[in-house]
Amino acid sequence: MRRLAAPLALLLASTACTTMEAAPAATSGPVADRMVSPILTSPEAVDSSTHAQPQVARVTHVALDLDLDFDARRVGGVAVLDVLASPGAKEIVLDSNGLEIARITDGADRELAYELGAMVDAGGKGAPLTVQLDGATSLRIEYRAPADASALQWLSPEQTAGGEHPFLFSQGQAILNRTWIPTQDSPGIRQTWEARITAPKPLDVVMSGVRWGEPEDLGNGRRAFTFVMDKPVPPYLIAIAAGDIEFRAIGPRTGVWAEPSVIDRAHAEVADTEAMVVEAEKLYGEYRWGRYDMIVLPPAFPYGGMENPVMTFLTPTFIAGDRSNNGLVAHELAHSWSGNLVTNAVWGDSWLNEGVTTYFENRIVEAVYGKQRAEQEAALMYANILDTLAEVGADAPGTALSTDGGYELGSAIAYDKGAFFLRTVENIVGRERFDAWLRQWFDNHAFQPATSEMFHEDMMANLVRGDAEAEALMLREWIFEPGLPDNVARPDPAAFAAVDGAVEAYKATGAIPAAYAGWTAAEQMRFLDNLPADLSAGQLAALDTALGLSSTGNNEILFLWLEMALENRYEPAVPQVESFLAEVGRAKFVRPLFAVLWDEGEWGRPIATRIYAETRSGYHAVTRAGVDRVLGRTD
């Protein structure tokens with residue numbers, strides 16, 4: 001195992017701070033004195049998903065020196081952790097889930113005693129790694145990640161678009177990074193970091209930090225890549241991807257990576273990104289991360305997108321050819337303020353990341369694509385809230401924005417209800433006042449963790465004017481109580497008036513709307529999502545023929561079609577479902593389709609079992625875990 005050859009400042013001084021055109025880099029090094037974010041100690045800020053005790057001793061910086069072994073599908077090397085301990089602290093507790101620890105020393109190569117505690121399986125919490133400090137302020141950990149590290153997905157060449165080279169990507173949220181990085185894996189313990197990663201030629205490596213210098217040819221068929229994140233981030237935002245990828249610039253600070261056969265389509269789809277950054281800055285202040293690049297990953301990626309700083313990870317399933325799904329890009333960009341800049345301290349307050357971001361996303365969409373599209377997308381969100389509340393009950397505790405983190409209700413609450421909370425506040429106090437308040441929230445809590453209580457207190461102190469307005473806003477009801485408050489700012493019913501009329505006409509006469517092809521993607525989804533639940537094979541065939549549902553290039557619409565077909569046991573759709581589930585690993589699509597099949601009993605369960613036997617090994621751990629729950633698998 002190799003230690004970092006030199007402190008970062010010396011490394012940067014000895015290498016050119018320029019890179020190939022494909023990987024733009026900053027032109028000055030990080031400051032010598034690293035920013036240290038505060039630790040919140042109030043009861044509601046205590047993170048139950050970590051073993052760490054940051055009020056005793058905490059990690060402030062992580063330096064990784066790791067090798068990617070594609071043959072063994074393993075990551076291993078050295079992690080050097082800077083530690084800030086309270087006076088008299090004798091030990092520090094880290095998070096580990098399957099890490100194989102070889103040796104731990106201090107900065108003087110002095111052996112430090114450590115103990116790996118018992119595994120806590122619930123929720124993937126892993127085991128505490130307790131290290132005796134003995135005065136050390138730096139830990140050097142030699143280790144290797146397990147072959148089944150949940151954060152990492154190793155793809156064979158056959159699982160990529162090019163088909164010639166393997167691929168690796170990570171997904172750290174919420175608590176998966178403890179399977180490949182030994183640190184305190186909590187959103188409330190922000191850390192700066194740096195990394196030196198070696199990979200076999202000709203693969204490129206990207207991370208959620210700025211790439212420094214040219215890749216270093218090691219002369220053994222491998223290259224080394226160096227990255228820096230000089231701003232403290234929650235550790236779930238440390239991310240890596242490696243594969244046969246190339247870069248295409250969009251604007252002076254934006255660009256996209258993708259496999260060579262995908263790069264043209266990817267670049268065309270995200271061509272509005274620089275304009276989005278400009279509009280986002282007009283709304284809520286400076287973009288503070290330097291560059292905003294993206295990578296379009298292979299379809300096995302389990303999410304639509306992941307907001308890793310300076311390198312958003314995206315699924316290729318959002319590519320529709322007409323930028324109709326670019327709300328996804330706006331969402332991940334908005335996370336650069338809500339989530340990355342100001343982060344929920346605990347996962348039960350994830351709406352502080354996702355709800356604020358979803359509201360911000362809608363404002364970016366309005367600025368770039370117009371108010372009609374923004375209103376239509378908001379109306380889809382509102383319908384999602386109502387559907388979820390109807391399913392689980394308006395008094396279900398998981399429908400509060402702030403929870404204990406033990407609820408899985410999809411996107412309707414943390415994302416959509418959170419967004420409609422802010423939309424409602426904006427509607428009552430006015431956009432100008434609301435925007436000024438939200439901007440100061442980002443400014444005053446930049447690079448810090450936050451809680452729902454803090455958000456509420458800040459609103460009361462810096463936004464609300466008087467008791468009457470406080471009562472009208474219903475802030476505590478929105479944040480801490482279940483259901484949907486009465487003052488919700490409902491979307492404009494006119495947004496989908498024509499579509500809703502077409503739905504009623506279809507229900508009454510079976511008339512398929514001739515205008516469908518000219519509708520926006522949101523309008524098409526609204527129509528499909530509101531058709532009668534029970535449709536005959538003849539009706540489904542007619543809809544497919546008239547609307548081209550099975551041949552659509554928009555995966556959001558294709559998913560709705562496949563879901564509708566399976567709910568009605570439409571045999572002609574089964575081969576396409578099988579093909580779709582074999583290629584796509586996005587949990588948003590995969591889990592519901594398996595759930596529909598499973599719910600269809602003697603017809604669907606054999607199909608689900610057969611397909612899953614073939615596809616399970618190709619899914620990321622996140623997707624696999626969701627489908628396992630649906631099918632009742634425990635292995």
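The legends below describe an overall view and several close-up views of one predicted protein model.

Residues are numbered from 1 along each chain as its sequence is written, and side-chain values use heavy atoms, with hydrogens and water left out. Because the model is predicted, local features need pLDDT of at least 70 and side-chain atom pairs count only at pLDDT 80 or more, while totals for chains, interfaces and linings use all residues.

**Figure 1. Overall view of the protein, with 19 helices and 21 strands.** Helices (H or I, at least four residues) and strands (E, at least two) are DSSP runs, numbered from the N terminus. The radius of gyration, taken over C-alpha atoms, is 25 Å, close to the 26 Å that the globule rule gives for 635 residues, so the protein is as compact as a globular protein of that length; the rule itself is 2.2 Å times the number of residues to the power 0.38. Along the principal axes, the C-alpha atoms fill a box of roughly 80 × 65 × 50 Å. Of the 635 residues, 59% are buried, a term that stands for under 20% relative accessible area, as against exposed at over 50% and partly exposed in between (1.4 Å probe, protein chains only). Contacts, meaning heavy atoms within 4.5 Å, often span the chain: among those between residues at least 6 apart in sequence, 71% join residues at least 24 apart.

**Figure 2. Close-up of the stacked pair formed by Trp437 and Trp441.** Rings of Phe, Tyr and Trp (its six-membered ring) pair if their centres lie within 6.5 Å, and planes under 30 degrees apart count as stacked, over 60 as edge-to-face and the rest as tilted; by this rule the count comes to 30 aromatic pairs. For Trp437 and Trp441 the ring centres are 6.4 Å apart, with 25° between the planes. The two residues are 4 apart in helix 8 (residues 431-444), and are therefore separated by about one helical turn. An α-helix has 3.6 residues a turn, so residues three or four places apart point the same way. Trp437 is buried at 2% relative accessibility, as is Trp441 at 3%. Ring pairs link both into a cluster with Trp351, Tyr359, Phe421, Phe434, Phe455 and Trp478.

**Figure 3. Close-up of Asp458 in helix 9 (residues 452-462).** Asp458 counts as buried, at 11% relative accessibility. Not counting residues up to four places away in sequence, Asp458 touches Trp437, Gln440, Trp441, His445 and Leu463. With Gln440 there is also a polar contact between side chains, at 2.6 Å; such a contact is a pair of N or O atoms within 3.5 Å, of which, within protein, one must be able to donate a hydrogen and the other to accept it, and residues adjacent in sequence count only if both atoms are side-chain atoms.

**Figure 4. Close-up of helix 13 (residues 521-529) and its cover.** Because 8 of the 9 residues of helix 13 are buried, the helix is largely enclosed by the rest of the structure. The buried residues include the charged Glu523 and Arg526, alongside Met525, Phe527 and Leu528. Their cover includes helix 6 (371-392), helix 12 (497-509), helix 14 (537-547) and helix 15 (555-567).

**Figure 5. Close-up of Thr623 in helix 19 (residues 621-631).** Thr623 is buried, with a relative accessible area of 0%. Leaving aside neighbours within four places in sequence, Thr623 is in contact with Pro302, Gly585, Arg586, Ala587 and Val590.
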